[in-house]
Amino acid sequence: MSKSIISKKKSFLDLTSSELNEILLDVGEKRFRIKQINNWIYNQNVRSWDEMINLPLSLIKYLKSEILLHPLKLVSINGSENDKTRKFLFQTTRGNHIESVLMREKNRTTVCVSSQSGCILDCNFCATASMGFLQNLNANEIIDQVILLSSYTKSKITNVVYMGMGEPLMNYRQVIESGKLLNKNMGLGARRITISTAGIAPKIRQIADDNYSFKLAISLNATNDEVRKKIMPITLKHSFKEIIDSAKYYYSKTKRLITFEYVLLKGINDSTNDAKELVKLLKGFPCKLNIIPYNEIGGHYIRPEIKDINQFLFHLKPAKFIVTVRWSNGTDIDAGCGQLAIREKQ
Ligand code: SAH
């Protein structure tokens, strides 16, 4: 896939209010048009200026020639219309690629958004790592994923998880801003928005201090420094203890339960002893634990066999915290956790 800057035009979502005022003045229009346009974008899920039928034609003509309606350009959709899981590939105005995943369940429709194109953290079991780091997304590029997935699937989005490409807490300001926008403009409750981090300890403390009520998930993936350093190099910077301490700080400040994610990798972190260590480690700490059987990406890690997964879960039984298992949907289209990556040389 070749990288080209797709547009120098600004997108509507990226315009400041003084820029918007200027444009409206230029075309002899009033401020209430902004409210109308926002309503079309956030609530009516339109994908072109032409569909905004209560705007004067002269304004539509101007917007069409000067301003992008969406900062992201859809490249492809993977998965059929009726599929529970569909993967969307987008290009940013800087020409980089990102992916987002739509997951339909009985009572909820979740969008998994990317916060960066590529990722700098290099967790060696995750497909995104192979891309390297390309760019931080701005808040509008993050929320546009939700707006566009909602419009392409005609679905009302009930939950958003920051579990796509990238490390959300390495793009703190824009991620928080995007969460606020989802809240304010799309009416999504903060408790329906989950930010997942590989464990950027100082930022976990910051999110507690800033007191945002988004849900927090931490990808633990090991029970000690030794194993974690091998699979998640960020552990060289923030030790296991530092991460757990920041999680405890978060809980003591916010009284909100953290979900720890634990990707099960055969022969790496899936032993009976690992399960017991996990129970010990989180003992007395109010939290949830989400076990994710590994989604293979063609590297040297493999998913444990079902009997070993069950054995691991069995040894978690003494735990007082809630344990759930995430059997990722969409692995057939590489839309499962950690399978998002754009292979430039395809
Ligand atoms: N950087 C953030 C968010 C992206 S990854 C984080 O680390 O939390 C989202 C989740 O998918 C993380 O829990 C991560 O550990 C998990 N994951 C990554 N690669 C995976 C794979 N191949 N199979 C299953 N889960 C994976």
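In this predicted model, W327 is in contact with P293, R303, I306 and I309, once its neighbours within four places in sequence are left aside. The residue itself is found in the segment after β12. W327 counts as partly exposed because its relative accessibility is 41%, a value between the 20% and 50% limits of that class. Its C-alpha atom is separated by 41 Å from that of D50, and the two residues are 277 apart along the chain.

One of the contacts of W327, I309, leads to helix α10, residues 306-314. The buried residues of this helix are I309, F312 and L313. They lie on the same side of α10, because the arc they cover around the axis is only 100 degrees. What covers these buried residues includes the strands β10, β11 and β12, together with α9 (272-281).

The strands β10, β11 and β12 appear again in the lining of the largest pocket, where each supplies at least two residues. So much is also true of β3 (97-104), β4, β7 (159-162) and β9 (215-219), because each of them likewise supplies at least two. The space in this pocket comes to about 860 Å³. Its lining consists of 36 residues, and those that lie nearest the centre are E105, R108, V161, N290 and R326. By class, the lining of the largest pocket divides into 14 nonpolar, twelve polar and ten charged residues.

From the open pocket the path goes to the enclosed spaces. Rolling a probe the size of a water molecule over the atoms shows where empty space is left. With a lower limit of 30 Å³, the count comes to two cavities. The largest cavity holds about 490 Å³ of space. It is lined by 32 residues, and F125, C126, M163, S219 and G338 lie nearest its centre. The elements that give two or more residues to this lining are β8 (193-197), β10 (258-264) and β11 (287-293). Strand β10 is thus named for the largest cavity, for the largest pocket and for the cover of the buried residues of α10; β11 is named for the cavity, for the pocket and for that cover as well. The residues lining the largest cavity divide into 19 nonpolar, nine polar and four charged.

The second largest cavity has a volume of about 50 Å³. Its lining is made up of F12, L20, I23, L24, I37, L59 and L63. By class, these are seven nonpolar residues, with no polar and no charged ones. Two helices, α1 (17-26) and α3 (57-66), each supply at least two residues of this lining. The most comes from α1, which gives three residues.

Polar side chains at buried positions form the next part of the picture. S114 lies in the loop between β4 (109-112) and β5 (116-118). With a relative accessibility of 0%, S114 counts as buried. Its side chain reaches two backbone atoms: the oxygen of E99 at 2.6 Å and the nitrogen of M165 at 3.0 Å. Apart from neighbours within four places in sequence, S114 is in contact with I98, E99, L137, I142, Q145, G164 and M165.

N171 shares part of that surrounding, since L137 and I142 are among the residues it touches. The others are S115, Q116 and N136, with residues up to four places away in sequence not counted. N171 sits in the loop between β7 and α5 (172-186). It is buried, because its relative accessible area is 6%. The side chain of N171 reaches the backbone oxygen of S115 at 3.0 Å.

The last stop is D144, which is found in helix α4, residues 139-153. D144 is buried, with a relative accessible area of 0%. A polar atom of its side chain lies 3.1 Å from the backbone nitrogen of L72. L72 is also one of the residues that D144 touches, along with L13, H70 and P71, when residues up to four places away in sequence are not counted. Between D144 and L182, the C-alpha to C-alpha distance is 9.8 Å, and the two are 38 residues apart in sequence.

Methods:
Residues are numbered from 1 along each chain as its sequence is written. This is a predicted model: local features need pLDDT of at least 70, side-chain atom pairs count only at pLDDT 80 or more; totals for chains, interfaces and linings use all residues. Side-chain values use heavy atoms; hydrogens and water are left out. Helices (H or I, at least four residues) and strands (E, at least two) are DSSP runs, numbered from the N terminus. Buried means under 20% relative accessible area, exposed over 50%, partly exposed in between (1.4 Å probe, protein chains only). A polar contact is a pair of N or O atoms within 3.5 Å; within protein, one must be able to donate a hydrogen and the other to accept it, and residues adjacent in sequence count only if both atoms are side-chain atoms. Contact means heavy atoms within 4.5 Å. On a 1 Å grid over the protein atoms alone, a cavity is a set of points where a 1.4 Å probe fits but cannot get out, and a pocket is an open set with protein on both sides within 12 Å along at least five of seven lines; lining residues have an atom within 4 Å of a point. Grid points are joined across faces, edges and corners, and a volume is the space filled by probe spheres set on the points. Ala, Val, Leu, Ile, Met, Phe, Trp, Tyr, Cys and Pro count as nonpolar, Asp, Glu, Lys and Arg as charged, and the others, Gly among them, as polar. The arc is that of the directions from the helix axis to the C-beta atoms.
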